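Student: I'd like to go through this one by asking you questions. Can you keep the answers short and show your reasoning?

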Amino acid sequence: TLPALAEEAQYEDSVVEAEGFSHPGRLCDGSRTSYAAAGGPSRVTVSREDGIAALYLEFDRMPQPWTLTDPATGRSLSCGENGFLHEYVDVSALGEPLPTEVVLEFDQGVSIGELYAFSEGTLPDWVQRWEPPCERADLLLISSHSDDEQLFFAGVLPYYAVERELSVQVAYVVQHFEANGAADHQRPHEQLDGLWTVGVRHYPALSQFPDLYAKSSHRDTALSQALAVYERAGYTYEDFVDYLTWCIRRFQPLVVVSHDLDGEYGHGTHVLCAAALGDALTRAADPGQDPDTAGEYGPWQVEKTYLHLYPENPIVMDWDTPLESLGGKTPFQVTQEGFACHKSQHWTWFYRWIYGTSSKPIQRAADITSYSPCLYGLYDTQVGPDLVGGDFFEHVQTYAQRAQAEAERLAEEERQAQERAEAERQAEAEREAQQRLQEALEAQRRLRTGVEAGLLAALVCVMILMIRLIRRRNRR
């Protein structure tokens, strides 16, 4: 049976049976880093007496599409189509009454870390209900690794995703299912947990590149070392440029934010990311480059690109103002909570960098002096330089603002069209009234002319009669 969770929708007392899996007991052992795997077709049957309202699966590896069925009614749902590592399934969508048993069928093999079946009720906050990646992103944050987005870009995600309510997309240069040749069953989960904690709701984009390590205090050396380790793994610099070109064209961001050209502390992948991004910005805007993505998404010109610690056109970001949207916390404090999810990295110097020590804790982003998360520079702009600073979106209208402006423009056009139509109706009514008046005057004129002619004819007749009478009298 699954463990209990008090005061929320319940998942205790659920019964899970699996076919075709190695170690099926790991499906609900409370540890998602231990996993049950099936190499071919397999199925899981879940039942609970009070009905199943929702499922939450934490896969060990991204799943292929799979099917959920209520065997009592034959009703089914198609699942796994987005390939989310953490997948929420609204079982109530099958209709009333809630099924007391559901069957999960996997045709192509699957690896599952943990499975929860919930009754009706309020779901706990840790249940992640991911939205698909952005169709159009206001902000695209390109992070080399899982945890860089919580460290060197501290404050960015909670501020723009929650406080500003923008469409924020995160894209990672490497994936963490494999690191330095070894499988990793922890960091992919930490990645999603951290994003969810800071308010990101659009599922991140992941590359195919493994996490390999190279480091140097000199930019060129760091880049050449990174390229060397990736070339040994079968990847070239152009592969990275292609991936970032795809990201830009796929998400059509208005603003892009990414790493320091020197790789912050000299990490070769950070340097590789920043270098490849510079080429990808140019390539993405050129319809003649990379015809596959150009044909699928079209070329795309990013309006503004900021790099961390870039010395030209510098701006200072404020991540230390408490915000009501963040429950009175600052964006930096929320990001500290995001990095808390990356427990596998807490042994590194990053832990002291973002939290400080027990005797000297760091509570403000502005207190961090090395690789400050508050310092950026405007690397590329199509809308002119920043004049005020402190906002990546200076001189840039978000997609929501553009949609609002377009709606207002269409409404104004509709209003003007209605006014023109009303004016035309009034003018037509006036023309018709004038025409009727002219016709009435003409009829009156004709009537008057006819009466006058009749009177004249009668007078002539009278005169003729009088003449005849006079002639008769004269003959006598």
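Student: How many salt bridges does the structure hold?
Tutor: This is a predicted model, where local features need pLDDT of at least 70 and side-chain atom pairs count only at pLDDT 80 or more, while totals for chains, interfaces and linings use all residues. Residues are numbered from 1 along each chain as its sequence is written, and side-chain values use heavy atoms, with hydrogens and water left out. A salt bridge here is a side-chain nitrogen of Lys or Arg within 4 Å of a carboxyl oxygen of Asp or Glu. By that cut-off, the structure holds 27.

Student: Which residue forms a salt bridge with Glu 58?
Tutor: Glu 58 is buried, at a relative accessible area of 5% (buried is under 20%, exposed over 50%, partly exposed in between, with a 1.4 Å probe and protein chains only). Its closest N and O atoms in the bridge are 3.1 Å apart. Glu 58 sits in strand β4 and its partner in the loop between β1 and β2, 26 residues apart (strands are DSSP E runs of at least two residues, helices H or I runs of at least four, numbered from the N terminus). The partner is Arg 32.

Student: And how far apart in sequence are the parts tied together by Arg 402 and Glu 303?
Tutor: Their side chains meet in a salt bridge at 2.8 Å, N to O. Arg 402 lies in helix α10 and Glu 303 in the loop between α7 and β15, so the pair ties together parts of the chain whose separation is 99 residues.

Student: How many residues of α5 are buried?
Tutor: Helix α5 covers residues 237-251. The buried ones include Tyr 237, Phe 240 and Cys 247, and the buried residues pack against β10, β11, α4, α6 and α7. The helix is largely enclosed by the rest of the structure, because the buried count out of 15 is 11.

Student: Which helix gives the most to the largest nonpolar core?
Tutor: A nonpolar core is a set of buried Ala, Val, Leu, Ile, Met, Phe, Trp, Tyr and Cys residues joined through side-chain atoms within 4.5 Å. The largest has 117 residues, and Leu 55 and Tyr 160 are among those with the most contacts inside it. With nine residues, the top contributor is helix α6.

Student: How many disulfides are there?
Tutor: A disulfide needs a pair of cysteine sulfur atoms within 2.5 Å. The sulfur of Cys 273 is 9.4 Å from the closest cysteine sulfur, in Cys 247, so that's too far for a bond. For Cys 79, the closest is Cys 28 at 19 Å, also too far. The count is zero.

Conventions
Expected span 1.5 Å × (residues − 1). Contact = heavy atoms within 4.5 Å.
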